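Q: I'm new to this and would like to learn how to read a protein structure. Could you take me through one?

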Amino acid sequence: MTDPDDHARIAQQFIEAIPHARALGMRVDEIGAGRATISMPWAEHLVGDPRTGVIHGGVVSALMDTCCGAAVMAHPTNPRSTATIDLRIDYMRAATPGQRITARAECYHMTRSVAFLRAVALDEDPDNPVAAATGAFTAER
Amino acid sequence: MGDRNEPLHQIKSRRDSALAAMVTGVPYMTWLGIRFDRRGDELTAILPYDDKLIGNPMLPAIHGGVTAAFLEVTAIIELGWAAMWEDLESGRIAPDAAVPDSLPRLPKTIDFTVDYLRSGLPRDAYARARVVRSGRRYASVHVEAWQDNRARLIAQATGHFLMPQP
């Protein structure tokens, strides 16, 4: 039995080993039992609309995809690895420029070979999500 | 349409500079290294390989989020490009990267669904988008990405977009 701090440390190492997650400055905030919370800072070079400074939707996709993958890896059935089968993202509003973006993902159903995920992305207003996602991921045993 | 006697170099430079202005106006596209190849009005997006795009260092494979972003960027540029084509050809607009207000406003993503078909290899990727339906307010776009073989897609996506209002 590993304690939650160990889980967080292992998860952070897992993220650090992913070059793209590191390039975006992702940080594991919470992880455990088919759930993950990962956040990243706003940055000038990630802007999609220079008129407003709003971060590009693609960045939010990358964060949610990583977060969903981490939630699958944290599932109690211990998948060996995972890959995205499909991911649908609904963009509800623009993320506020300058604010940190946080994704929370939950693996709400797991079969032998497929994980079903739900995720939300938030800026610093926790009551008003920026985006929501649903996806199916492989679970390799 | 345009003047058929317009010098070819002038036509090419108008189209290429408008496209370049649209692309370089978006910092995230520059950071990912995305470029566009143009044949007439047909665009092909190019994502040159870079180590920072890796999502699985063991395989290795390109990050699924990068693939999603590449597809989304391609869809948005194609849609923005198609929407501005008439104005560009008639000379009503002349986008210039140095003048942010001269750049056309880009469509906003409403939703985007990516279908991952093969893992992205550590090499260049290409994408083309097709505007399936473009109304005054909403548009639906399909986009495909591949690497070595055009027929062996690494991913495809469908997205809905909100068109910029005049």
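A: Sure! Let's begin with an idea we'll need: a nonpolar core is a set of buried Ala, Val, Leu, Ile, Met, Phe, Trp, Tyr and Cys residues joined through C-beta atoms within 7 Å. Keep in mind that this is a predicted model.

Q: Okay, which residues touch the most other members of the largest nonpolar core here?

A: The general idea goes like this: in soluble globular proteins, nonpolar side chains tend to be buried together. In our case the largest nonpolar core has 89 residues, and Leu63(A), Met64(A), Cys67(A) and Phe70(B) touch the most other members. Helix α3(B) gives the most to this core, with 13 residues.

Q: What does Phe70(B) touch, leaving out residues up to four places away in sequence?

A: There you'd find Ile34(B), Ala45(B), Leu47(B), Ala125(B), Ala127(B) and Ala145(B).

Q: How do I check a helix like α3(B) against its expected length?

A: Take the distance from the first C-alpha to the last and set it beside what you'd expect at 1.5 Å a residue. Helix α3(B) covers residues 64–89, 26 residues in total, and reaches 37 Å, close to the expected 38 Å. There's a kink in α3(B) too, of about 35 degrees, centred on Ala83(B). As for cover, 20 of the 26 residues of α3(B) are buried. Just after this helix, Gly91(B) takes a positive phi of about 85 degrees.

Q: And how does α3(A) do on that check?

A: The 17 residues of α3(A) should span 24 Å at 1.5 Å a residue, and the end C-alpha atoms are 24 Å apart, so the two agree. For cover, 17 of the 17 residues of α3(A) are buried.

Q: Is Ile62(B) buried or exposed, and why?

A: You count neighbours: a residue is buried if 20 or more other C-beta atoms lie within 10 Å of its own. Ile62(B) has 27 of them within 10 Å, so Ile62(B) is buried. This residue is found in strand β4 of chain B. Leaving aside residues up to four places away in sequence, Ile62(B) touches Leu53(B), Ile54(B), Gly55(B), Thr67(B), Gly120(B) and Pro122(B). Sequence distance can mislead you here: Ile62(B) and Ala125(B) are 63 residues apart in sequence, but 9.8 Å apart in space, C-alpha to C-alpha.

Q: Now the two chains. How many residues of chain A are in contact with chain B?

A: There are 29 from chain A, in contact with 29 of chain B. On the chain A side, α2, β3, α3 and β5 each supply at least two residues. The one that gives the most is β5(A), with 8 residues. By class, this side has 14 nonpolar, 9 polar and 6 charged residues.

Q: Which strand of chain B does β5(A) pair with?

A: To read a pairing, look for the bridges and the direction. β5(A) pairs with β5(B) in the antiparallel sense over 5 bridges. Within that pairing, Ile89(A) stands opposite Phe112(B), and Arg88(A) stands opposite Thr113(B). β5(A) also pairs with β8(A), antiparallel over 7 bridges; there, Asp86(A) stands opposite Ala136(A).

Q: What about the hairpin of β1(B) and β2(B): how many residues lie between the strands?

A: There are 2 residues between them, and Gly40(B) in this hairpin takes a positive phi near 60 degrees. The strands themselves pair in the antiparallel sense over 5 bridges, with Ala45(B) as the bridge partner of Phe36(B).

Notes:
Residues numbered from 1 in each chain as written. Chains lettered and ligands numbered in written order. Predicted model: local features only at pLDDT ≥ 70, side-chain atom pairs only at ≥ 80, totals over all residues. Contact = placed C-beta atoms within 7 Å. Helix = DSSP H or I, 4+ residues; strand = E, 2+ residues; numbered from the N terminus. Nonpolar A, V, L, I, M, F, W, Y, C, P; charged D, E, K, R; others polar. Pairing = 2+ DSSP bridges. Expected span 1.5 Å × (residues − 1). Bend = angle between axes of the 7 residues up to and from the residue. Buried ≥ 20, exposed ≤ 12 C-beta atoms within 10 Å, placed from the backbone.
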